[in-house]
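Please read the following report alongside the sequence and the coordinates. It takes up charged pairs, a sheet and a helix in turn.

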Amino acid sequence: MKLTCLAVPSSGGGYHVPASHLLELEGLRLLLDCPVDLSALAAFAPLPLDTGPGDVGDLIRAVPYYRSPAAAAAAKAGGVDAVLVSSATGMLGLPFLTRLPSFANTKVYVTEVAARIGKLMMVELVEMHSEFVRYYGSDMDGTPKWMEGEKLSKLLSSLQKIGIEDEGNDLSPLMPLYSGVNIEECMQKTQPIKYGQEVCFNGMLMLKASSSGLELGNCAWSLKGPRASITYLPSTVFVSAHALDCDYNSLKENDIILFSDFSSLNVMDEDNENLGENAMLSDDSVLRDDGVGEDDNVQILCKNDDIAEEIERISFICSSIIDAIKSGGSVLLPIRRLGAILLILELISETLHSFDRKLFSGEALFGHVELLKEDTLSMFPHLYSKALLTAWKEPCIVFCPDWSLRHNTVVHLLRRWHADKLNLLVLEQGVDAELALKPFMPAAIQVLECSFLSGIKAGKINPLLTVLKPKLVLFPEEMKSLCPLKEDAPWSFLYYSKGKTIEVPNTREEFELRLAANVALGLQPRQLDRAIAVARLRAKLHLSNGQYMLVPPKDQYDDQSKRQLLQWGPVDADRVLSALQEKGITCAFGTDDDGSAGCEHSILVTSPGDALVKMTPERTVIYCDDQNVTKQIYDAIGSVCNGI
């Protein structure tokens, strides 16, 4: 087994850009996640260029290229057999691959919800990108001019500012965006599955997705083959405020865990330490009852402190939004986290409505449903839709998906609102605010940088491993200090780093082999002793659903009479002599046979033909030129031996 880490999240990008890996297992090559890093868009100037006072001198004025190290590395490897996707963002780079001839037979596995959200995100990205294409024209022929000379140096400088440092200034991960046709081709190769549903790939591996708790549709993967069982663990939240809780029970006792949650490297843990004690749902002793015993480690994983801290952050964001609206300003939220958007909408609706009456009236408890009914909350496909222009009022709150501040709606609204100090821009931490806002300077708009829960906290890693009980943990080298190896831990660590291939040792010295029912029923065992019975078996080795099986061969109804007996144990010379004589064969012991145990015995046959039988404790040999006589002697010996 081999593992190559293709890409790790840039600073603050673990949610939007999950890590990706290439796993070689049982002769198969699997790609684990294929995201697009949209933070590279900060190096490009937004449109339109002729409005606003912003300085775009150092930014690239061209159709943007999009960065996907996973897609570039997988294409360089020459293809993969399958892709396992853990989130909607983890599939944004797939059309880069599926449009290549070498990926014509590649299968993509993703949860149903993540597939639907991922397709919407890809279509949305193509639609936003089309604005650049309309302005500059298509830029698909040859290498763009901005990839040369001084402009290239500026690009590399911009990429380093946002935490992207490719060794040797390799620009191969930067590529032109795919088309809507490429998206449809990609979705045709996709097999959506449900949580807990097992699927068999190539007869070799059984694949199962389990909720990771981070976002709607996000999952951890369990891969089970004949000689290994692996857990692929991306960013995970054990108790979620808006998605299905992490189903860690389905991941227990797999041999290997590939730990791919880099969120502990983010500033989240520092923020968590500085949180106040008055969090909503603040009782850390409150546990969710999921049928697990009162094990201390399970209690640590099931604490709702993550929900409490997340809701406290979102409550602060909501209070800032309400304050801005009350002061007459508008609010822009370029956030791409669906769960965070839903929580913000719910808390805002709580401010506007009383929910007590709904508990007993049978009405929907979701606040945004009420806002939709009242036309307080509206959805529009783009900024210049007729319905939006008709309904537009300020102050207002606008959610839009482009956190890079380079596409479509967010650009036009920032041009409109950047100079008013009453307005509010909510940015996620990890975005380089100075570079992102450069085209809109000077800006008076208030900027609120916020963080959201993106995965496992460092303090929960060891309790998780104790519950899952792996034999080997594949762990990021750069997180080594966050999770030191416990002296009494039954598992070992093998550390990986970006761009390096590591050999993963076998964790099983042997593997199970199953007998098909019709093969087992055809066995005719002979008892050797009280504990052991032996039977002759003729079968074919077959691999099915990740298990080796012995099944009947195609020509299973062969002539049993033509089989030679398989015999074992020493031969009793006296019994052989009696058996030969019973068959009418004239024979006697040789003159040099003293009859002592453990020595060679000889039997001379004189009729119906000449033959010699020599017997030792290790072997018996028949010397005869006549095949018929040989057959009679062989049958006589077989009658007194243990054979099958």
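How many salt bridges does a search of the whole structure find? The search finds ten, where a salt bridge is a side-chain nitrogen of Lys or Arg within 4 Å of a carboxyl oxygen of Asp or Glu. This is a predicted model, in which local features need pLDDT of at least 70 and side-chain atom pairs count only at pLDDT 80 or more, while totals for chains, interfaces and linings use all residues. Residues are numbered from 1 along each chain as its sequence is written, and side-chain values use heavy atoms, with hydrogens and water left out.

Among the salt bridges are those in the table.

| Pair | N to O distance | Separation in sequence |
|---|---|---|
| Arg-67 and Asp-37 | 3.3 Å | 30 residues |
| Glu-112 and Lys-194 | 3.1 Å | 82 residues |
| Glu-309 and Lys-457 | 2.5 Å | 148 residues |

Arg-67 and Asp-37 are both buried, and so are Glu-309 and Lys-457; buried means under 20% relative accessible area, exposed over 50%, and partly exposed in between, with a 1.4 Å probe and protein chains only. Glu-112, by contrast, is partly exposed at 34% relative accessibility, and Lys-194 is partly exposed at 48%.

The elements named here are DSSP runs numbered from the N terminus, helices being H or I runs of at least four residues and strands E runs of at least two. Seven strands form an open sheet of mixed pairing, in the order β9-β10-β11-β12-β13-β18-β19, where two strands pair if DSSP finds at least two bridges between them. The edge strands, each pairing on one side only, are β9 (198-201) and β19 (492-496). Within this sheet, β11 (residues 219-224) and β12 (residues 229-233) pair in the antiparallel sense over four bridges, and Leu-223 stands opposite Ile-230 in β12. Helix α15 (residues 461-468) packs on the sheet, touching β12, β13 (256-259), β18 (472-476) and β19, contact meaning heavy atoms within 4.5 Å.

Helix α13 (residues 408-417) is largely enclosed by the rest of the structure, because nine of its ten residues are buried. Those buried residues, including His-412, Arg-415 and Trp-417, pack against α3 (112-136), β14 (331-333), β15 (397-399) and β16 (424-428).

Cys-624 lies in the loop between β30 (620-623) and α18 (627-639) and is partly exposed, with a relative accessible area of 21%. Not counting residues up to four places away in sequence, Cys-624 touches Asp-610, Ala-611, Val-629 and Thr-630.

Terms used
Axes are lines fitted to C-alpha atoms, for helices over the stretch in contact, and angles run from 0 to 180 degrees between N-to-C directions.
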